[in-house]
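Here's a quick tour of one chain, with a stop at a strand and another at a domain contact. Have the model open and follow along.

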Amino acid sequence: MSVKELDFDSCYRAVSARDARFDGRFYTAVTSTHIYCRPICPARTPASRNVRFYRHAASAEAAGFRPCKRCRPELSPGDPGWDHRGELIGRALRLIDEGVADDGGVARLAGRLHITERHLHRLFTTEIGVGPLAVARTKRLLLAKQLLTETGLSITDVAFASGFGSVRQFNATMKETYGFTPGELRATAGRAVTDNSLTLRLHRRAPYEARTLLRFLQGRAIPGLERVDETGYSRAVPGGTVTLTPGPGDVRLEVSLDDTRHLARVVARCRRLLDLDADPEAIAHALGETSLAPLVAARPGLRVPGAWDGFEVAVRAVVGQQISVAGARTILGRIVGRAGRPVEAEGFTHLFPTPGELLEADLGGLGLTGRRVVTLKALAAKAADGEIDLDGAQEPGEAVARLLEVPGIGPWTASYIALRALRDPDAWPAGDLVLRRAMACLGIPEDHIERWRPWRAYAALHLWSSQ
């Protein structure tokens with residue numbers, strides 16, 4: 001939905017009803033107060049003559065509105081529209097979340113997407129109403145606002161953790177955009193700087209079926225890299241560790257990082273890993289009217305397990321070909337132990353190897369067949385030179401086509417990678433034996449697969465979870 005497509009009456013009805021289904025889809029700006037809010041804001045509904053609606057928080061801020069301190073727009077769940085349409089603008093936003101615009105500006109962002117800066121700016125202006133730098137700045141400011149309100153990080157650490165180049169720039173931008181300094185915000189929030197703790201709340205739409213997602217990740221947890229149980233997920237990441245604990249209304253993220261400048265990237269990857277930006281109502285509405293209705297009713301809010309790193313999922317998929325989940329887990333643990341960088345963190349031993357590290361590693365004697373080693377090396381080579389980009393820049397169809405060029409990667413493997421790493425909601429691992437068995441047990445004919453578009457990835461998860 002572009003900025004031109006927001007329907008005033010529909011948006012105003014959603015705001016009047018404080019309808020949580022629209023949280024993160026648009027923002028309500030009030031001309032009499034110069035404040036913008038989420039649709040669920042508990043404040044009194046403003047008169048329609050004083051209201052403007054914006055597709056993105058950056059658009060509201062560019063028009064001179066400040067975020068509400070009651071409903072806190074920085075806590076909005078992500079817009080699922082960007083995630084499931086597979087458009088260029090969605091991939092650009094994913095790279096902005098990864099900090100690409102902060103590190104290299106619009107030039108680097110456009111370069112990763114293989115388009116011109118002018119074309120990128122035109123797309124953003126049409127879809128969102130502002131350019132990519134304005135979007136990146138708003139994301140930095142909203143993350144900073146959350147850090148100032150919820151954590152004990154010093155203002156200096158907050159400035160760098162949210163992507164600002166200096167404390168002076170951070171102070172000036174906050175004052176110019178919001179009308180108050182970081183210190184003033186912290187004082188009003190009543191947060192004392194007592195430690196260097198870093199715990200954030202990651203919001204999502206309800207319902208959220210965390211148990212099934214954690215069970216999926218637990219069965220595939222790589223020794224030395226991850227720990228998963230029925231309460232949460234932990235892993236080693238470059239420069240530290242993360243722990244994710246789903247709760248009744250949000251997911252608690254506990255972070256330990258040597259360099260907090262990477263925090264925005266960590267938050268974005270955690271959201272994708274746990275599929276926090278999905279739209280469960282839209283998915284349930286589509287699949288609940290098909291032969292999957294009993295499964296959808298049994299597990300409302302089921303999510304597709306994502307990926308911390310796209311290359312990591314690709315390696316997992318290759319290793320898991322034609323062997324059990326437990327067997328793949330064992331071999332992956334050996335690969336990580338040999339090729340991954342050692343870490344000094346309690347309960348963890350290594351990071352997952354980068355494409356370059358895997359390319360240089362000796363993979364003999366780990367239980368891999370010779371053909372599998374050739375596949376992994378070819379995959380690592382293509383990822384290392386940028387021919388395959390599994391972290392958001394490459395169009396999903398093109399990435400799948402490049403994957404299929406790797407010897408030993410067929411349609412099932414490429415589709416599984418698309419499902420988890422590329423976040424394609426319509427990916428379907430054709431030929432999967434567990435899916436076939438589940439459909440046979442439920443008496444679902446093969447031709448029903450087409451009826452599950454564009455949510456076939458979620459259909460696959462429902463079927464896998466039913467076994």
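What follows looks at strand β1 and its partners, then at how two of the domains meet. Keep in mind that this is a predicted model.

**Strand β1 and its neighbours**
- β1 covers residues 27–30, with Tyr27 and Ala29 pointing one way, Thr28 and Val30 the other, and all of them buried.
- That back-and-forth fits the general pattern: side chains in a regular strand alternate between the two faces of the sheet.
- On one pairing, β1 runs antiparallel to β3 (residues 51–54) over four bridges, and Tyr27 sits opposite Tyr54 there.
- β1 also pairs with β2 (residues 35–37), again in the antiparallel sense, this time over three bridges; here Ala29 faces Tyr36.
- The β1–β2 hairpin has four residues between its strands, and His34 takes a positive phi near 60°.

**How the chain is divided**
- The domain assignment splits the chain into domain 1 (8–75), domain 2 (88–188), domain 3 (197–277), domain 4 (282–304 + 425–466) and domain 5 (310–422).

**Where domain 1 meets domain 2**
- The C-alpha centres of these two domains are 20 Å apart, and the contact draws 15 residues from domain 1 and 19 residues from domain 2.
- About 1,400 Å² is buried between them, with carbon and sulfur atoms giving 61% of that area.
- On the polar side, there are six residue pairs in polar contact across the interface and two salt bridges between the domains.
- Glu150 and Arg72 form a salt bridge, with their closest N and O atoms 3.3 Å apart.
- On the domain 1 side, α2 (57–62) and β4 (66–67) are the elements giving two or more residues, and α2 has the largest share with five residues.

Terms used
Residues are numbered from 1 along each chain as its sequence is written. This is a predicted model: local features need pLDDT of at least 70, side-chain atom pairs count only at pLDDT 80 or more; totals for chains, interfaces and linings use all residues. Side-chain values use heavy atoms; hydrogens and water are left out. Buried means under 20% relative accessible area, exposed over 50%, partly exposed in between (1.4 Å probe, protein chains only). Two strands pair if DSSP finds at least two bridges between them. Domain bounds come from an automatic or database domain assignment. Contact means heavy atoms within 4.5 Å. Buried area is the accessible area (1.4 Å probe) that two parts lose on being put together, summed over both. A salt bridge is a side-chain nitrogen of Lys or Arg within 4 Å of a carboxyl oxygen of Asp or Glu. A polar contact is a pair of N or O atoms within 3.5 Å; within protein, one must be able to donate a hydrogen and the other to accept it, and residues adjacent in sequence count only if both atoms are side-chain atoms.
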